[in-house]
Amino acid sequence: MNSESGCIPEKLSSVFIIFGATGDLTRRKLMSALYNLVSDDLLPKNFVIIAIGRQDKTTDQYREEVLAAIIKYSRNKVDPKIWQKLSSMIIYHKFDFKDLDEYVVLKSFIRKVEKDNCTEGNRVFYLAVAPLYFETIVEGIQKGKLNEDCSGFCRCVIEKPFGKNLETATKLNESILKVFSEKNIYRIDHYLGKDMIQNIMVLRFCNSVFESIWDNKHIDNIQISLTEELGIGSRANYYEQSGAMRDMFQNHIMQIMSLVAMEPPVNLNMDSIRNEKQKVLESIEEISDEFLKKNVIFGQYGEGIIHGEKVSAYRDEENVNHVSETETFVALKMHINNFRWAGVPFYIRTGKRLGTTSGEIIVQFKDLPNTLYYKENRVKQPNLLILHIQPNVGVFFQFNTKDFTTHNDIVPAKMDTSSFIPDQGNTPEAYERLIHDILRGDASLFSRWDEVESAWAIADRIIKYREQMKIDLPNYKAGSMGPQRAFDLIEKDGRNWITV
Ligand SMILES: NC(=O)c1ccc[n+]([C@@H]2O[C@H](COP(=O)([O-])OP(=O)(O)OC[C@H]3O[C@@H](n4cnc5c(N)ncnc54)[C@H](OP(=O)(O)O)[C@@H]3O)[C@@H](O)[C@H]2O)c1
């Protein structure tokens, strides 16, 4: 019992402080995720959300805005009882987070909220703000000593992107480490919150049928393909600085690749998992000039047709420089030089304004010899295991079987557990899992600094090469599947991008 307030805080009772509470991320994802956590009874009884914004508004006004957003974005229909419960947890607080002298006052406010609500002990600082403010806020937290009197935990959640390159990421990390220890830093990669990404480990380590053949003796190649029909919408200011390499490759793709290729961890503790993922990143082949010349293709979309509608070229999008060199597409081939994966190419492609929206991990197994079947020129279909991440979510497996209707034909049979969940990429579900894990103190689905560092070292090398290159852009039509050279990249190895 706390002698001053006379209350007994529950184990996870916390104050959840959102910087950027009037922003798009909070409105579309965080609040709906919190609503669903209340609905699933996964939040502690004593839980307060301090929603920080700089606009003048009352808590009631803010709650109304949140309700409208939840009605629009939540996967669940709003139940007035659940909403009432969440609503009573929310306090709007006007605060200019650039004003470093005011953090002392913010601390007094948090202390009062904690006493009034019996949540003393635990604080989560969620930085849902533009990346240029991450360091400012962390500095304010330090100046106001907001992190110093947590009797339980004080955790800091940092949204993506974590830096713009290795240098800025290192500087940001050093600033945060002055205030929070590594175990209290939660670097968000919302892809890791997706069900199918978590399912990678389950499929591998709960099925002898897969794990026993998960190596270079049995696998021919692995493809990771994250493609989008969408363009950049109103996010030109962000995307012009980012491009596909920083937006998708450095974080989501590097994380997926390490989950697909990692060794079995000794247990499911967060550091055991992250240690194994990190080893994969350390085993990626050296990104030499020779490698870059042969194995990386960049693209930018021109105008085209998607779903029967004409769409603009990237350079004609609002707020995009009309001679922009930003890549909206990248395809590459990489190798992981360790005992398990030596010789197996990993083909990666990601881009915007492509012919389809899909996230897939495709494992193509090696063919058996043709000594028995397929002697005459029949087309042999490979064994394929496909993990559909979005918008189809599930597992697809292809194997060969006799066609019972024709007596002597062999046909591919397709087993598919996938279902179409159109908004998976954009729903708060991933954030539900991630917020719950932050409260529970499980950082397995968050990137540790050494992972971020290794991924930036690889991405930086590729980005620098792209910046020196003169490419004739745009080089693919919106609605196509990227530049012709991305097809040449894989076809010269006698393979194809697999679509099912
Ligand atoms: N939106 C997404 O779907 C998404 C997805 C993945 C990652 N992220 C990341 O999440 C972060 C937030 O993105 P967002 O799209 O939500 O950005 P946003 O819509 O621009 O929101 C930024 C928030 O910061 C507030 N703010 C700015 N300056 C302030 C100040 N001096 N004092 C107090 N509040 C201030 C804004 O308040 P006002 O309302 O007054 O301007 C707004 O609430 C970014 O790092 C982004 O990269 C976003």
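Three exercises with worked solutions follow, on a model that is predicted.

**Exercise 1. The ligand shell**

Determine which residues come nearest to the ligand, and which helix gives the most to the shell around the ligand.

Solution. Begin with the shell itself, where 19 residues surround the ligand and G20, T22, G23, D24 and L25 come nearest. Next, assign the shell to secondary structure: helix α1, spanning residues 24-39, gives the most, with 3 residues. Finally, sort the shell by class, which yields 7 nonpolar, 5 polar and 7 charged residues.

**Exercise 2. The buried side of α5**

Establish which residues of helix α5 are buried, and explain why they are on the same side of α5.

Solution. First list the buried residues of α5 (residues 134-143), which are F134, I137, V138, G140 and I141. Then consider their directions around the axis: because these residues cover an arc of only 155 degrees, they are on the same side of α5. Now look for what covers them, and the elements found include β1 (14-19), α4 (103-117), β4 (122-127), β5 (154-158) and α6 (166-177). As a last step, follow the chain just past α5, where K145 takes a positive phi of about 55 degrees.

**Exercise 3. Two domains in contact**

Describe how domain 1 touches domain 2, and find which element supplies the largest share of the side of domain 1 that does so.

Solution. Start from the division of the chain into domain 1 (14-159) and domain 2 (192-491), whose C-alpha centres lie 34 Å apart. Counting contacts, 16 residues of domain 1 meet 10 residues of domain 2. On the domain 1 side, α1 and β5 each supply at least two residues, and the largest share, 7 residues, comes from α1. By class, this side has 9 nonpolar, 4 polar and 3 charged residues.

Terms used:
Residues numbered from 1 in each chain as written. Predicted model: local features only at pLDDT ≥ 70, side-chain atom pairs only at ≥ 80, totals over all residues. Near = placed C-beta within 6 Å. Helix = DSSP H or I, 4+ residues; strand = E, 2+ residues; numbered from the N terminus. Nonpolar A, V, L, I, M, F, W, Y, C, P; charged D, E, K, R; others polar. Buried ≥ 20, exposed ≤ 12 C-beta atoms within 10 Å, placed from the backbone. Arc of directions from axis to C-beta. Contact = placed C-beta atoms within 7 Å. Domains from an automatic or database assignment.
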